[in-house]
Every structure is written in structure tokens, then in C-alpha cells.
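Trainee: I'd like to learn how to read a model like this one at the bench. Could you take me through it feature by feature?

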Amino acid sequence: MRLLIAIAILITSIMPARAADDAAFTAVLSKLPEASYAEKSDLIKQLVEIHRAGTKELLNAFLEGRLYVRDSDKKIFIVESSDDAFKLTDAVTNQTAGTVSQDGFSKIGVNNQLRRVLRAALAQFDLASPDRDARLAAVKEMQRSMDADTTAALRDRLAKELDSAIKKEIANAVALADLSSDDAKVRLQAVTTLHGSLNPDVYNRLQGLLEKSPEGEYVEPDEAVRTAAAAAITRIDRWRQIYSAIETLLFGLSLGSVLVLAGIGLAITFGVMGVINMAHGELMMLGAYTTYVMQLLMPHYIGASIIVAIPAAFLVSGLMGVLIERGIVRFLYGRPLETLLATFGVSLILQQLVRDVFSPNNRPVETPQWMAGSLQFNEALSITYIRLYIIIFTLAVFAVLLLTLKHTRLGLEVRAVSQNRNMAKAMGIRTEWVDALTFGLGSGIAGVAGVALSQLTNVGPNLGQSYIVDSFMVVVFGGVGNLWGTQIGGASLGIINKLLEPYSGAVLAKIFVLIFLILFIQRRPRGLFPQKGRAAEG
Amino acid sequence: MNVIQKCAGPLAVLAGLAMTTVASAADTIKVGILHSLSGTMAISETTLKDTVLMLIDEQNKKGGVLGKKLEAVVVDPASNWPLFAEKAAQLLEKDKVAVVFGCWTSVSRKSVLPVFEKDNGLLFYPVQYEGEESSKNVIYTGAAPNQQAIPAVDYLMKDVGVKRWVLAGTDYVYPRTTNKILEAYLKAKGVKSEDIMINYTPFGHSDWQSIVADIKKFGSAGKKTAVVSTINGDANVPFYKELANQKISAEDIPVVAFSVGEEELSGLDTKPLVGHLAAWNYFMSVKSPANDEWIKKWHAFTKNPKRTFNDPMEAHVIGFNLWVKAVQKAGTTDTEKVIAALPGLETPNLTGGTAKLLPNHHITKPVYIGEVRADGQFDVVWKTDKEVPGDAWSDFLPGSKDIEADWVTLKCGNYNTKTKTCSGTKYE
């Protein structure tokens, strides 16, 4: 209520000035369409100074590229486009002006530098917003483009702000500006304020203080400030190193999870059943396409479609797996070479199938909103949500699979059949059914992996091929027939890859990992965790 | 003997038949189209085939060339580089085509080059490429590095104020050569080596997290940073996704791409890409009467009002018009005479200005920098004042700066101005 009164007072107080403002506003606005990008940036500043109702909406529309000029009378409109038509709003009066066809309008161009100027300008509007998050975002936005105006605005706000997190943010921004103060005391105070900040701007500015000019004099004349800055830099450097190590580890884990996801289905079909399934990659591809189809079926619920896609992909790929097992693989048990060739044929058939059904082009799979962006621990460490979810997802899939094999009847039968087929038969287990279900389970897991991969890579007919080598690599490295081996093998290969990457580049890192694997297999042909006992020999 | 006599009758009939087909074939001029219609490159090349078919259709409506109708001969080299050479030989030797429009990747062009030189054919190559080549038998209607890469870097340096550079590319010949030229160019402009980061990734790379994190770190050193991307094909999708997820916006670190156009964006969610840049010689969104009319015709021909049109397709339009003019000027489709007639010919660009064929078999082109819009089209934010003449041999590489290509006076594709020799057909 008090706010409303304040606004009312504000409006009445500026009433007389309004007509003059309108004229100035229109004058500035009319220059926009013809202006160069550099001139536009000045015009925006002028618009902000005039500061009248509707300026914020105008700047927002400009930022989003929704500001158009009518070619016939050079009138400027904020538009909203809907199927080949424009819903017009007059930029000066803020009145709606009907819906017309898009012909005869030209967009007022905006580029990256302008977008930055616009964002900073809009942030000043938000600085006094009652919404805490909006204020925080505004402060962060203004930090990116600091000049005399924004510093003054932030100083103003610092006195009024009550929220401690925002206060700290503003204090840092102001301290950064204070580093160029003439007063050595102010500078020293600023360095102290910035002591714990991991912001790269802070680091660069502090570093700048310690540099020497070409004449051999320090940029920073005051000894005490220099010492403080040097201490701050040492501290920041140490933290940065620690965080960078954690980051590499996280990257490795996330790559490892992708490898595990790709390999874990194979750990069942190849590891437990001993079938070299070259169509494994294509089963993942089917899972990815299932995600795409789910998104087509529920276009308004992209977030939920991913969740629905998980069981759907399991069913699609699982059924395809059972079909492959019943149709082809079961006639070829004990003949690995023929199995390899036959399943390779299946993989080609599946690829061509999706080419014919979905077109040879990659299909766009949208990333749901809740998976976009990244989790920011601090200025130096963050992990993208997508990677985080995939690490969690992999662990979940692994746990479910482990429980299935250890604690269900199917799991018991699978283990029995894989250890001694004849004995299992003698105990009354229908080994044929178990074979089909096991193969279906492994294939279904591959489909589930495909859902995850659809968020990371291109969904196209070649998706499977790019992961088949990786998945065999993980299973062989981890030890055939051992789920734990797959999990640990995948994770360690991922971490090794990411440790190597900064030194050797992405291309060589991959090659080094393969060489390492070849050498490792020479020493330990049965992988990290070989299966023990008589069953392993058979 | 008997056998021959027995067969003589039918043979004569067959020969007669053959004669008539030859006679009817002589009434048309054959135009070869050598673009992959299957395999990995089909995504980009199929649409080029459609462009040439439409051009032939249009020309036939105007009465053809030299009073004869044009006839398209379409072959499919299936994204298989050796097959390109085979199919080229088939077009030139068996079908006896007057001209070939074709190829996309540099490796496919290198594969057909010896065939065209041996059979003295004529190839119009429509794609931006790394330069360092000029053949008597090839007309390069795509951009040379000085018509795409160098102006883009100039724009970033002068208009955006970029001080630190990431050159990221896929690991093959075009990105490596282009980056070599750019590195030399940047260093000549006073950029220090520690301000240049070069990174190569395999085809179809999908795990971009650490590379993007490196770019982010590299870009946080207090100087304006930009990424010059020669990343090719579908590796771009996860790359841009990762950029968006790690919250690197085009306002902080813009990415300027040389291989991402309207066609590539059409299968992609472009919202996170808004503001990133691409450098081309043509954008579908450029407003000009010729372009508007052309796109209308294109949509009518393909019966698809959503179909995109892009830079290499415009290059084919220019190349086709140049060829028609050359044939009309020479009065024959004889390769030797057409090649002699080509240099100096001019034809309008779709976006305004004219394309002129230079003695080095490259053309003049305007250069545009566009920013990606939310609808997958580009907004032009910068363009050159006038057309830039294509330079076959880069002035920024030590080996090639003394080499000149001139098929009018010097009659040589790689004339060394220092040693005053022409090294013949050797291009490297």
C-alpha cells in the first residue's frame, strides 16, 4: 500500500514534465531505425535518462528483437508475432494497435554489444525491485559492464539494501571500482574487501596492480596495497587450483557415467551371456529416437516427456532385444564369429530403418528447462545440471540392475544359466526363456542409456556407431561378467581421459586411452575384476 | 563368319537405333550434377542438387541455351570420396556432359580434380574452402579464406574489440589450413601467442564439457575473447548446447562460425544460440527484390514454403548464370572455349551487387556477418562496403604469398612471382 502511494506521489510530481518527456522520448525513438549500432547505444542511454512509464517495456522488446518500424510512416511498434502476423503495440503510447500481416515492417537491429548495454540499462530498473532474486540478478548484470553511472547507482543501493548476500555482492562491485580510486586508503580497503572473492575480474584487476609500467614503475604506487594484493592473489591462486582439480574430477566422472551407461547393457548381453552384440549401439539409438517420438507426442510437456521416455525406451529396445534373440541369436549360441556378423547385419538394418522412417538427418531433441543451466558452487566451480543428472541417473540404473540380478528370481536364474547351463536346465529352469529375458533386459538398459544420450549428443542414425567401441572398451576393461567392474572401469576411463585432455588435446587423449587399454589387457586379459571360479573357464 | 552374317541384320538395326539416340541427345546440352544424395554429406548436398535442377528448369523455360534445351544428369557419389572420382569420370567420358556442378568437402574436390584435368572438363565448386588451389578446369564460386575468415576476424577485432582468440576446429584439412592462415594473420596484426588458443576435436565430438570450461577460463583473463569456429557437421549441436549450459552467452564470448548456416540450423533448437555469429557471403534473410523473388520461386519449385536457401546454393545460382553467359558468348559448349570466355563475365548476386569472375577462377563476393535469431535465420550486423575479390593463394602463409593464379595472361594456376616459374599441375 505504501508503495502504491509512493508511486502515486511520484506520478503526480512528474505530471507537468510529462509532455516535454514525451516529446523528447519520441524524438530519440525516431532516430533509432536509421542509427548505427554505436549511435543506438547512445540513444539507449538517453532513453534511460528520460525514464518514463513504458521505457522498461520498450527496452525489453528491443533486447528481444521485437521492436519494428513501419516502412510507410516510420512509426515504431513493439510487436508480438503469431503465425505470420504481428500484434502491434505503439511504442510511444503503449496502446495496442491491432494485428496485421508482417509485410511492410522492418526490424530495428540489435547486436551483442547493444544487448549488453540494454541488459545493463534494464538492470538499473530492477535494482529497486521488491523481488530479491531480481535485485541479485540486476547487481550481477551491472557488474559485467561497470562505468561511472552504474557504480554510482550501486553505491546508492548499498546504503539502502538490507539483504546480506546482495549487500556483499554490491560491496564487491563497488570495491572493484574503488581499486582505481586516487586515495591509497580506499584502495587498500577495497583490496581487503575483495580478499576472498574468486571472481575472475577481481583476479585480473589485482594482478594488474602488481604489474610494472614500461618505465619500470609499479602501476600501484603504494607498498601496503601491493602487499595486500599479492597476498590476495596467492590465496585466490591456491583456491583456484583446488577447484580446478575438483572440476577435472567431476568432468571425468560425468564422462565416465556416459561410458558406464553405454556399457552397462552390454555388460549383461556380452558379460553375462557371452553374446557379442554389434547391434548394441543401435539399441541405444532406438532409445534416443523413442525420446524424440515422446516429445512429438507431448509437445507441451517436454520436461515430463523425458521421464515417460525412460520406461518407453526400455520397452521398445527390450522388445527389439527379445526379437533379435528369438529370431537370430538363439540359433548361434557358441558360435561367436557368426553372432558377430549376424548382429552387425542387424545393426545395419536398424540404421536403415530409422533413416527411412525418420529421414537421414539428425532429429532435434529438446532439453527440458529443469536440465538446462548449471549448478554454481562458486565463481570457480560449477557443473552443468545435465551432467549432474546423468551421474545420478547412471548410479540409479546401476543400483536397479544390481538389485535385479542379486535379489529377484529372474536374477537368480540368469546367474544360474550363465554359470552352468546344463545344471540349471536339470533344476527345471526354462533356459530359453531366461536367455530371451536376459537379452531383453540388457537391450532395454541400452534403450534407457539412449534416453540419456539424446540429451548429450545428436539423435541420428549414426548415434549407435559412435558409442559401440566405447561400450565394448568399458566392459572388457572392467572385466567380463562383472557389473562392478563396468561401473569402476567406466568411471576410471573417464577420469583418465579428462586428466589427459588438457595436455594432449581431445584427439590424442582418446588415442592414449586406447593404447593404455591395449597394454592393460596384455597384462590382465580378464580385465580389472575377473570372474573367479570354474564358471569363468567355461 | 556365319555368325557375323547372321548378326549383321539386327546389328544394323541396333546401330540405326544408336544413331537416333545420339541425334536426339545432340539436341540437348547435358549438365552433370555431382552431389552426394546419400551418406553423411547428404544433409548438405541434396539441397544443392535441387538448386541446379531448378536452375535448369528455369533456363529451359526461357528457351534453353544456344537454342537447345538443357538436360540434367544426376549421379550419386554417396559421400564416398573415391566414388566422386569414378562418377566424375562417368559424367565426362560416358555421358559427355558440357559442365558439372558439384562437390562439397575439400577432400571430394581433391579427389575429382585429376579427372577433370585429364578429361578437360569444367567443374563449378560452390562451397567456401581453404584456398591454396586454382585449377584451369574448376571455377570456385564459394568463398576463399580472404572472403570469409579474414573479414570475420577483422570485424571482431575492429567492431567488437576482441583481443583474445580461440580457434576451434574439427581435425581435418579445411579447419587446419584456415586456422594456419588466421594464426599468421592475427600475429601479423600484433596478437601475442598467449592470446591465441587452438583446439582440434574429432568429427562428431560430443563431450565438450572440459573444452568449453577451458574456453571459459581463457576468456576470463580480462580481455574480450571470441571463438572462431571451424567445427564442422553435427558436432556443433552438443558444442552450442554446452556453451549455453555453462552460461557462456554470445554477449560474453561470441562464437563466429564458418560452417553453420540456415540449413544446419534448421534441425536444431536455436534459442540458446541467439547472438552467436556466422560469416557468409549470402544470408536468406537479406532483403532485396532479387532475393525475395528468388525465394518465392524456390518455395514454389520445392513445394515447401519452409525450405531454407543458403550460401552454397546462391553460389550455384551465380555459377550457373556465369556458365550460361560464357556459353552464349563463346557460341559453343566446348570446354576450352567456355573456359576462355568465362573470366571477366559478371552476374548479379541475389543480395545485391555483382559477382565477377576473376582470372584466378574465383569470383568477387560481398561478405556478411550475421547473428543467429531465435527462428534459425540470421540478422546481418555487418557487411563489407563492396565485393571482395577471391584470392586463391593466401597472402599470410609463407609458402603461398608469392604464388599467383592467372588463367588469362599467365595461363597458370600457381605462378611463382619470385622464381618466375609455373609449377604445372602441382598445387601443394
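Mentor: Happily. Let's start with contacts: two residues are in contact if their C-beta atoms, placed from the backbone, lie within 7 Å. Keep in mind throughout that this is a predicted model.

Trainee: Let me try that on one residue. Leaving aside neighbours within four places in sequence, which residues is A:Gly271 in contact with?

Mentor: Beyond those neighbours, A:Gly271 contacts A:Val475, A:Val480, A:Gly481 and A:Asn482. The glycine itself belongs to helix H10 of chain A.

Trainee: Is A:Gly271 buried or exposed?

Mentor: Here you count surrounding C-beta atoms, and 20 or more within 10 Å make a residue buried. A:Gly271 has 26 other C-beta atoms within 10 Å, so it is buried. For a contrast in distance, take A:Arg52: its C-alpha atom is 71 Å from that of A:Gly271, and 219 residues separate the two along the chain.

Trainee: How should I read confidence in chain A?

Mentor: Where pLDDT is low, the predicted coordinates should not be read in detail. Chain A has an average pLDDT of 85, and 95% of its residues score at least 70. Confidence in chain A is highest in helix H11 (residues 280-297), with a mean of 95, and lowest in helix H20 (residues 534-537), with a mean of 48.

Trainee: And between chains, how many residues are in contact?

Mentor: Chain A brings 36 residues and chain B brings 38. On the chain A side, the elements giving two or more residues are helices H4 (112-126), H9 (200-210), H10 (223-272), H14 (385-407) and H19 (483-523). H19(A) gives the most, with five residues. By class, that side of chain A has 10 nonpolar, 18 polar and eight charged residues.

Trainee: What does the domain assignment give for chain B?

Mentor: In chain B, domain 1 covers 26-144 + 295-365, and domain 2 covers 146-285 + 369-389. Their centres, taken over C-alpha atoms, are 28 Å apart. The contact between them takes 22 residues from domain 1 and 19 residues from domain 2. On the domain 1 side, helices H2 (42-61), H4 (106-118) and H11 (311-330) and strand S13 (364-365) of chain B each give two or more residues. That side has eight nonpolar, nine polar and five charged residues.

Trainee: Where does the largest nonpolar core lie relative to those domains?

Mentor: Both domains of chain B give residues to this core, so it lies between them. Of its 123 residues, B:Ala88, B:Val100, B:Val153, B:Val228, B:Val256 and B:Ala279 touch the most other members. H11(B) supplies the largest share, 10 residues. Look at B:Val256: not counting residues up to four places away in sequence, its contacts include B:Ala152, B:Leu156, B:Val228 and B:Ala279. Another core, of 74 residues, lies apart from the largest one, and A:Val275, A:Leu401, A:Leu453 and A:Leu483 are among its members.

Trainee: Last one: how do I read a sheet?

Mentor: Strands of a sheet pair through backbone hydrogen bonds, either parallel or antiparallel. In chain B, three strands form an open antiparallel sheet in the order S17-S18-S19. Strands S17 (403-406) and S19 (421-422) of chain B each have a single partner strand, so one side of each is left without a neighbour in the sheet. Three bridges join S17(B) to S18 (residues 412-416) of chain B, and B:Glu404 stands opposite B:Tyr415 in S18(B).

How values were computed
Residues numbered from 1 in each chain as written. Chains lettered and ligands numbered in written order. Predicted model: local features only at pLDDT ≥ 70, side-chain atom pairs only at ≥ 80, totals over all residues. Domains from an automatic or database assignment. Helix = DSSP H or I, 4+ residues; strand = E, 2+ residues; numbered from the N terminus. Nonpolar A, V, L, I, M, F, W, Y, C, P; charged D, E, K, R; others polar. Pairing = 2+ DSSP bridges. pLDDT = per-residue confidence, 0-100. Core = buried A, V, L, I, M, F, W, Y, C linked by C-beta atoms within 7 Å. Buried ≥ 20, exposed ≤ 12 C-beta atoms within 10 Å, placed from the backbone.
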